[in-house]
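Trainee: Could you take me slowly through one part of this model, the place where two helices pack against each other, and then show me how that part fits into the rest of the assembly?

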Protein chains: 2
Amino acid sequence: MTTAKRDTYTPETLLSVAVRVFNERGYDGTSMEHLSKAAGISKSSIYHHVAGKEELLRRAVSRALDGLFGILDEEHARVGRAAERLEYVVRRMVEVLISELPYVTLLLRVRGNTDTERWALERRREFDHRVAGLLAAAAADGDVRGDVEVRLATRLVFGMINSIVEWYRPDGRGMGEREVADAVTQLVFGGLCGQR
Amino acid sequence: MTTAKRDTYTPETLLSVAVRVFNERGYDGTSMEHLSKAAGISKSSIYHHVAGKEELLRRAVSRALDGLFGILDEEHARVGRAAERLEYVVRRMVEVLISELPYVTLLLRVRGNTDTERWALERRREFDHRVAGLLAAAAADGDVRGDVEVRLATRLVFGMINSIVEWYRPDGRGMGEREVADAVTQLVFGGLCGQR
DNA sequence: CCTTGCCCCGACCGATCGTTCGGTTACTCT
DNA sequence: AGAGTAACCGAACGATCGGTCGGGGCAAGG
């Protein structure tokens, strides 16, 4: 009807190719020439679909941020005891990290050299801060240990979760999203020795 | 006597400047022009001290890797019960990460675009594998939980420890090396809810 | 004093960067 | 069939990339 399904690139399909290359070589280490080779079209053709290299980055990190902030709007993240909301958010973060893996990977690697990157860093900090508030509330309820400073614990937990992008690969059918989410939840709340 | 202490750059002092800029802008995002501005000497003068940009990277990641592998040679990492050796290694990793912060930071961010970077990645994998063996031994002893796969647990613990380079800043006298090492050890082995 | 050698510099190299432009192909619609 | 247009291309833009070159300044040793 309206879309007769042409075998051609859209900004979205082009983005998926670009993000893959960005993650392989790093954003700064990727030239438009690299992207054109990976996409199978000429360098100049890329500009028919997107305004430039930075727009590809902006689209990618936006998608990742939308996924993460979407978690905080879900019901289980808004109502209930703080510790349970925290556990829900941690689990959902793992799920979003995996379902949007390449986009979140790119988000977690921006350094702040351009306006787009600085904006991404700012939004990331905002998300971290929201989750830190949740952990603080759980600590106030006495549901998580109080002998480790909340800000420090938040950063370490984020570090563990975010590190998933460094090694998780969806192709090898050795490990599922559920298994990773379970392991993270157990380690975060129970530790290596805990039993819960 | 032999060295009359000239006020000039050595490969080492130049390296400390370069690593700082590399971490701020990313290795690929840093030009020799950026380095020359930061060092206060001309671009061509840099080549009087080092062979090129990649040598600076190699020196930096070598220093980081020497620090990490040095841990495994220490007595407490070689003798004793596996779980105790693991805890010692985890604590020392935090200490080395902090004492060699900029160098380890750079090491943890290489992507593998050049031979130097691929060599760094390979050595990192070797180190990870050694520590994973330690965790596996502790699991075999029954000292750490067995319901989380060893390989997965190792990666998550590494993720938590390595994330320190993303936020720890030595200048603000708000947090000491000891405090971070304690927090990591408690969270890794006891979790958010554990008491140990 | 003059020489030696370290440290540094401006100017420049070919290559590559992200981007632009004019024009061609190929498909859709009437 | 002819018009219109989305998709694409090769060539080239100015800027910047990592790196080279010949030479100048200056402190140390004689």
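Mentor: In this predicted model, A:Asp128, A:Val131, A:Ala132, A:Leu135, A:Ala136 and A:Ala139 of α8(A) meet a set of residues in α9(A), namely A:Val150, A:Arg151, A:Ala153, A:Thr154 and A:Phe158. Sorted by class, the residues of this contact divide into 8 nonpolar, 1 polar and 2 charged.

To describe such a pair, one gives the angle between the two helix axes and the distance between those axes. Here helix α8, residues 115-140 of chain A, packs on helix α9, residues 150-162 of chain A, at an angle of about 125 degrees, and their axes are 9 Å apart. Angles from 65 to 115 degrees count as roughly perpendicular and those over 145 as roughly antiparallel, and therefore α8(A) and α9(A) are oblique to each other. The crossing in which α8(A) passes α9(A) is right-handed.

Helix α9(A) also has a part in the meeting of the two chains, where 32 residues of chain A are in contact with 32 residues of chain B. On the side of chain A that touches chain B, α9, α10 (164-167) and α11 (177-190) each supply at least two residues, and the largest share, 8 residues, comes from α9(A). By class, that side of chain A has 15 nonpolar, 10 polar and 7 charged residues.

The two chains can also be compared as copies, for two copies of a chain are related by a rotation about an axis and a shift along it. A turn of 180 degrees, with a shift of 0.0 Å along the axis, lays chain A on chain B with an RMSD of 0.0 Å, which is the relation of a two-fold axis. Among the residues of chain A, A:Gly191 comes closest to this rotation axis, with its C-alpha at 1.7 Å. Since 100% of the interface residues of chain A are also interface residues in chain B, the copies meet through the same surface.

Other helices of both chains are found at DNA strand D, which is surrounded by 19 residues, the closest being A:Ile41, A:Ser44, B:Ser31, B:Ser44 and B:Gly52. In the surface near DNA strand D, at least two residues each come from α3 (43-49) of chain A and from α2 (32-39), α3 (43-49) and α4 (53-73) of chain B, with the largest share, 4 residues, coming from α3(A). That surface has 5 nonpolar, 8 polar and 6 charged residues.

Terms used:
Residues are numbered from 1 along each chain as its sequence is written. Chains are lettered from A and ligands numbered from 1 in the order in which they are written. This is a predicted model: local features need pLDDT of at least 70, side-chain atom pairs count only at pLDDT 80 or more; totals for chains, interfaces and linings use all residues. A residue is near a molecule or strand if its C-beta atom, placed from the backbone, lies within 6 Å of it. Ala, Val, Leu, Ile, Met, Phe, Trp, Tyr, Cys and Pro count as nonpolar, Asp, Glu, Lys and Arg as charged, and the others, Gly among them, as polar. Axes are lines fitted to C-alpha atoms, for helices over the stretch in contact, and angles run from 0 to 180 degrees between N-to-C directions. Angles under 35 degrees count as roughly parallel, over 145 as roughly antiparallel, 65 to 115 as roughly perpendicular and the rest as oblique. A crossing is left-handed if the near helix is turned anticlockwise from the far one by less than a right angle, and right-handed if clockwise. Two residues are in contact if their C-beta atoms, placed from the backbone, lie within 7 Å. Copies are superposed by least squares on the C-alpha atoms of residues with pLDDT of at least 70 in both.
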